[in-house]
Structures are given as structure tokens and as C-alpha cells.
Amino acid sequence: MNKYVWRTSLVWIAILAVIAGIWAYRSHAIKQPTVMNMPMSGDVQPVASGPPATADEPKPSMSDMPEMKMDAPLVPVQLTPERMQSIGVRTGAVEYKQLSDDIRATGTVDINERLLSYVQVRFPGYIRKVFASATYQYVHKGEPLFTIYSPDLVATQQEYLLARQNQKALSASTVDGVASGADSLSAAAEQRLEQWEVPQSEIAKLKETGKPITELTINSPVEGYITERNALPNMFAESSTKLYTVADLSRLWVYAQVFQDDIGRIRPGGTAQITVDSYPGRTFSGQIEEILPQVDMATRTVRVRLAMANPGLKLKPGMFVNVDLKTSLGHQLVVPASAVFQSGTRQLVFLNHGNGSLEPKEITIGPRVGDDFVVLKGLKAHESIVTSASFLIDSESQLQAAAGSFVPPPPGAGGTASTANVPAGAQMNVDFTTDPNPPQKGSNVFRVKLTSADGTPTTGADVTVTFYMAAMPAMGMAAMNTTAKLNDKGNGMYEGSGSLGSGGTYQVTISAQKNGQTIATKQLRVNATGGM
């Protein structure tokens, strides 16, 4: 019974040592003097009894070094009902849902370019009177804008009147071609007036009075607001001069700024809801018309064009609005967002097998929709999972994994090797050194000297050195675990190389086996330099 109590006490001491190591790492600076439980002082030096390194010896290359495992080792967790209640464990089920997502963005109101009209004349002339004399003045279709005097237009009218007089005079001619020629001249002059867009009412007035119109009135071709005005009294206007721009504001465009990460969920034809602070509680409806093929390099957003009605002309071009884009994701497998533990390099959930048995499971997740994550791989419908306290359960799993790999030395052994599995009379001494000393982030050389209790070197053993650092989720760091297998150099000296992923405090475990039996193990804490 005393032996059982003693071993149980050692296991708890080991777990407390791991927790103390994590706390010490967070409480102290990374670069500290290396503290090793080994028979040496000052910097770690190679053991004198080992064979010295020569210049001809090949140096270890990076390809020969063991790969660093950055993911934290996780094991199934067994919790008592009391423990589950104390840390607030709740469970739920993986299920399918019909998802529709809302993508919120900001936007600006703009004029619908398809409803813009330009007012120009097709002949040069001088503007006399201007009726529409202000920008953003509202005009109706057919409303007068200005009058213009054009010498070319007056000359064409006179030609038309002369052609009509000749047509009447020659209509009774018996000479072949004379009457038809007069008709052609009259028709050509009238057609030229029509091509210059002289209104039919003005042509009819010209026929009735027989006098040319010196000031032609130009009317608005559409209904809307004048957004640009260049017509001024007494100005000479060429046929290419844009005199007015008239915009119909009954329908508008809204350009929404959507982050590039969300653009894959938007499709033309989808609906959108627009709100503006000027009209609290009022919502305007729009439709996604086009996703523009350009990303803003500064904001990493894409412009999405929405077409919408503007009842009562409430929205004005240039207004800042809020846009809610509606997207449908279909029937998807989902889990609550609180069930997913993100370690930085992977996503985990904990399967609930009942009776306090929880198993970590790595999954692949898709977009977050409300309070749920879409599951792409790793889970099936109706599986029971933990939906709360995932962080605490992950810590429990890592501590149990660390405790399972920690073999405490026997009482009174101090810095010597454990002899729990060593044959009687075969107690070993283990001396550990590194090059450089202390070890650093990156490549290092590890050396172990094995001697028996009477100082005799031990050869022919399989020696491994394992560096382990527990995960620190608060700092976004996964657990690091790397193992180096050392080569027998003779005279009890073993040497190998390994690479550390960062500086900090490591739990180092040295294990030696011979003929299938463990002849020595040793644990110590080592502070590596080099930063995170």
C-alpha cells in the first residue's frame, strides 16, 4: 500500500512540475541562463571522456534533423461529472440547416448612367435666350431649354421655301423630269431639317407662314434634373458642344464596398436592403446588378453595383448608405461556433462519447453564418459534441498528454538516471550537453555520456532526446515536440542533432535502451535562447 501511495504521489508531482514550467515560461523572460540538472558548472561543455570532434567529421545537415511537430499532442479526456459541471461543459449535436447569410457593407448612391441624356444641337449657332438656367433644375419632357440662331439653319429654310415655290410652279410642266426634279429638291431640303432635329411643329409653321425661323426653340428630350449646364446667353455653340446633361433620378445605382473575403458568396440577381441614417426605420430594396472586376488595393474591397428604385426621390446621389446583402448557402452541415476551438494552425471539436469521455477531433470549417460554422470535413450529422468550455478541455487534454510522457525520477535520484526499469546492479549516470550552450532556436548538437555506477562507459545503447514545450493558446502558440536519436560515438558518448522551433523553457527527456530494456531515463528543464 505504501508503494502504491508513493507512486501516486510521484505522478501528481510530475503534473505539478509541468504546470509550474508553463507558469515559469509566461512569467519570466525567454532569455535566461540555462539551468540543467547535470554535473557541470558554467556553460555546457562536451564531456572530456568522449572522442573530440575532428574537422573531417561530416557536420549534420538540416535534412538529417528531425521534423519539428508544431501541433499540440492531444489525447482523449476523461472527466468526472463534478469536473464537467465545475468548468461548465455543455453538449450539442451536429446538424444540417438551411442557411442564408447577410453580408453587411457600406455604400454610396450614384446616378444610373443608363438614364442620363445629353442635349446638343446638330448645327452651329448662337444661343439667344436660356430658360433652364440652373444646375439641378427639374425639367419636364418637351419643356423649353433655350433658343438658338443659326445662319446655316436659316439658309436651309430659305432653300426649302424656294424649293416649294419651284415645286408649285413646275408641277404642271410637260417636260419630262422637270416636275419630279422640283419635288426631289423640296423633299431633300425638308429631310435636312428633320436630320437637324427641327421639330415637326416648326416645319409645319414654316410651311404655313413661308418665313424662315430665326430663333429655334430647343426642348428637353427627357424628364429629370439638370446635372450639368453649359448653355449661356450669346454663346456660340458648335454641333459637338454638350449644352445640358439631364438625369432621371427615379432609379439609382448604389455602389457597395464588399470585402474580398465575402465576394465569393454574392451572385448577380440577389437582393439587398439599403438603409440610410436620414430616414430611420425605412428600408429601400435593391438588386445586385453586377460585381465590378476590380479590387481596391487600399481597403481590399470590391465594388458591387445595385440597381434600385427611388420613390419620392428620397435618396440623393452621393449619399452614404448601409447595405445588407442577402445570400443563400443552401443545406449545410453546421456546428455552433462556440464548439470550435481554433489553435491557430487547426480547428478542433471535442466529441462527447458519454460518461465524461471526450475525444478531440480535427475538422475543416467553412464560413461563419451567424452563431454557426459550416463544417466541410471531419464530422457527421447527429454526432454529439461539446459546445462550451472547449478551451479548458483542450488544456486538460494537453496536460494529460504531457503527464503521460513525463517519467519522474525515483526518490533521491537527483540528477542521475531513473532505475525503475533498470536491472539490479545496473544503475546508470547520464550527463547531457548541448552545442551551443545554452541551446538556441534552430539547429543544435546534443551529446549524452552514459556511464555505470562505477564510472564504466556504456556502449551499444539506443539513446533519444525529446524536447517538449506545452501549448500556450493565449499567445497563439501550439505545443512543440521534437525528438533526436543520438548515434553511438564510442566510449559511452552519444551524439545527434535537432532543431528547436523557438526559444523558451523546454522539458527535456533523455531515454536509453539496450537489448529491448530501458537502462536509463532522465528529465530536466532547459532554457533555449533565440526568441519566439
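Two strands count as paired here if DSSP finds at least two bridges between them, and with that rule in hand the tour of this predicted model can begin.

**Stop 1: strands 16, 19 and 20.** Select residues 320–336, which make up strand 16, together with residues 372–377, which make up strand 20; the two pair in the antiparallel sense over three bridges. Within this pairing, Val335 stands opposite Phe373 of strand 20. Now add residues 357–369, strand 19, which also runs antiparallel to strand 20 and is joined to strand 20 by four bridges. Here Arg368 is the residue that stands opposite Phe373. Keep the side chains of Arg368 and Phe373 on display, for the charged end of Arg368 sits over the ring of Phe373, 5.7 Å from the ring centre. Before leaving, follow the chain from strand 19 into strand 20: the two form a hairpin with two residues between them, and Gly370, in the turn, has a positive phi of about 65°.

**Stop 2: the open sheet.** Next, display strands 8, 7, 5 and 10, which in that order form an open sheet of four strands with antiparallel pairing. Its edges are strand 8, at residues 216–219, and strand 10, at residues 236–237, each of which pairs on one side only. To look at one pairing more carefully, select residues 144–149, strand 7, which runs antiparallel to strand 8 and is joined to strand 8 by four bridges. In strand 8, Ile218 is the residue that stands opposite Phe146.

**Stop 3: aromatic pairs.** The structure holds 10 aromatic pairs. Begin with Phe123 and Trp196, whose ring centres are 5.6 Å apart and whose planes meet at 50°, so that the pair is classed as tilted. Phe123 lies in the loop between strand 4 (116–119) and strand 5 (125–130), while Trp196 lies in the loop between helix 4 (178–195) and helix 5, and the pair therefore ties together parts that are 73 residues apart in sequence. Both Phe123 and Trp196 are buried.

Move on to Trp253 and Tyr255, an edge-to-face pair with 6.3 Å from centre to centre and 80° between the planes. Trp253 is buried, with a relative accessible area of 2%, and Tyr255 also counts as buried, at 5% relative accessibility. With Trp253 still selected, add Arg305, whose charged end sits over the ring of Trp253, 4.3 Å from the ring centre. A further selection, Phe432, Phe446, Phe467 and Tyr506, brings up one aromatic cluster.

**Stop 4: an enclosed space.** A search of the whole structure finds two cavities of 30 Å³ or more, and the last stop is the second largest cavity, in which about 50 Å³ of space lies. To outline this cavity, select its lining residues: Leu153, Gln157, Leu193, Val198, Glu202, Ile203, Leu206, Ile213 and Leu216. Which helices each supply at least two residues of this lining? They are helix 3, at residues 151–170, and helix 5, at residues 200–209, and helix 5 gives the largest share, three residues. Coloured by class, the lining of the second largest cavity shows seven nonpolar residues, one polar and one charged.

Note on methods
Residues are numbered from 1 along each chain as its sequence is written. This is a predicted model: local features need pLDDT of at least 70, side-chain atom pairs count only at pLDDT 80 or more; totals for chains, interfaces and linings use all residues. Side-chain values use heavy atoms; hydrogens and water are left out. On a 1 Å grid over the protein atoms alone, a cavity is a set of points where a 1.4 Å probe fits but cannot get out, and a pocket is an open set with protein on both sides within 12 Å along at least five of seven lines; lining residues have an atom within 4 Å of a point. Grid points are joined across faces, edges and corners, and a volume is the space filled by probe spheres set on the points. Ala, Val, Leu, Ile, Met, Phe, Trp, Tyr, Cys and Pro count as nonpolar, Asp, Glu, Lys and Arg as charged, and the others, Gly among them, as polar. Rings of Phe, Tyr and Trp (its six-membered ring) pair if their centres lie within 6.5 Å; planes under 30 degrees apart count as stacked, over 60 as edge-to-face and the rest as tilted. Buried means under 20% relative accessible area, exposed over 50%, partly exposed in between (1.4 Å probe, protein chains only). A charge sits over a ring if NZ of Lys or CZ of Arg is within 6 Å of the ring centre and within 35 degrees of the ring normal.
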